[in-house]
Amino acid sequence: MFDPQSSVVDVEFECIPLRTIGRTDIPMDASPAQRRRAEHMQSAINSYGVERTYFLQNARCVFRFANSDVEGSCRFEFEGVARTDAGDRKCDEVTLETTLVSETCGGVPPAVQAWLVERVHRAVLVEFDRFIAAGQLAARAAEADAPTKLDGVGGMDV
């Protein structure tokens with residue numbers, strides 16, 4: 001049964017503060033998925049630096065367009081970077097690789113899909129602000145005192 005209190009936009013992500021990444025070399029025995037994620041982190045560090053930059057992984061955004069848990073939904077997966085203002089109080093921008101992975105709408109036209117990808121980016125901005133307001137960003141930073149190598153990127157719980 002559909003819960004009317006549930007959100008019509010469901011966003012989840014794991015957040016890694018890039019300032020906690022001590023080494024950026026990729027282990028020789030890394031799986032293709034670990035290698036791809038490590039390369040994305042390296043690229044983010046090279047493009048944005050490590051201060052006020054957060055890597056979002058194992059992330060999804062689900063839009064629900066009907067009062068159903070089954071019908072009328074689009075599920076996107078994304079990975080990328082969130083950047084905050086100087087005081088880490090607000091998300092300034094997100095740069096995401098976003099993919100439609102499933103839908104129960106009977107097909108999503110390309111123009112609608114492109115519009116929904118833009119909505120994913122906006123939803124992540126809003127959700128990251130909620131993440132900050134809930135104190136989760138400060139908690140992540142406090143947990144991450146010691147730098148981490150990228151070889152643990154597949155199973156890090158940060």
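This is a short tour of one protein model, going from its sheet to its helices and then to its largest pocket. Keep in mind as you click around that the model is predicted.

**Stop 1: the sheet**

Start by showing the strands as a cartoon. You'll find an open sheet of 4 strands, and reading across it the order is β1-β3-β4-β5, with antiparallel pairing. Which strands stand at the edges? Select β1 (9-17) and β5: each has a single partner strand, so one side of each is left without a neighbour in the sheet. Now tilt the view and look along the sheet. On average, neighbouring strands are turned by 20 degrees against each other, ignoring direction.

**Stop 2: β4 and its partners**

Next, select β4 (73-84). Why is this strand largely enclosed by the rest of the structure? Because 10 of its 12 residues are buried, meaning under 20% relative accessible area.

Add β3 (53-64) to your selection. β3 and β4 run antiparallel and are joined by 10 bridges. To see the pairing, show two sets of partners: Thr-53 stands opposite Arg-83 in β4, and Phe-63 stands opposite Cys-74 in β4.

Then switch over to β5 (91-103). How many bridges join β4 to β5? There are 11, and these two strands also run antiparallel. Click on Glu-79 and you'll find it opposite Glu-97 in β5. Follow the chain round the hairpin of β4 and β5, which has 6 residues between the strands, and stop at Asp-88: this residue takes a positive phi near 55 degrees.

**Stop 3: the helices on the sheet**

Keep the sheet in view and bring up α1 (32-48). What does this helix touch? α1 packs on the sheet, with contacts to β1, β3, β4 and β5, and its direction makes about 115 degrees with that of β3. Now select residues 110-133, which is helix α2. Helix α2 packs on the sheet too, touching β1, β3, β4 and β5, and its direction makes about 130 degrees with that of β5.

**Stop 4: the largest pocket**

Last stop! Select Arg-36, Arg-37, His-40, Asn-58, Ala-59, Glu-77, Phe-78, Glu-79, Glu-97, Thr-99 and Val-101, which line the largest pocket. About 160 Å³ of space lies in there. The elements giving two or more residues to the lining are α1, β3, β4 and β5. Try colouring the lining by class: you should get 5 charged, 3 polar and 3 nonpolar residues. Glu-79 and Glu-97, the pair standing opposite each other at Stop 2, turn up again here in the lining.

Conventions
Residues numbered from 1 in each chain as written. Predicted model: local features only at pLDDT ≥ 70, side-chain atom pairs only at ≥ 80, totals over all residues. Heavy atoms only, no water. 1 Å grid on protein atoms, 1.4 Å probe; cavity = no way out; pocket = protein on both sides within 12 Å on 5 of 7 lines; lining within 4 Å. Points joined across faces, edges and corners; volume = space filled by probe spheres on them. Nonpolar A, V, L, I, M, F, W, Y, C, P; charged D, E, K, R; others polar. Buried < 20%, exposed > 50% of the residue type's maximum accessible area, 1.4 Å probe, protein only. Pairing = 2+ DSSP bridges. Axes fitted to C-alpha atoms, helices over the stretch in contact; angles between N-to-C directions. Contact = heavy atoms within 4.5 Å.
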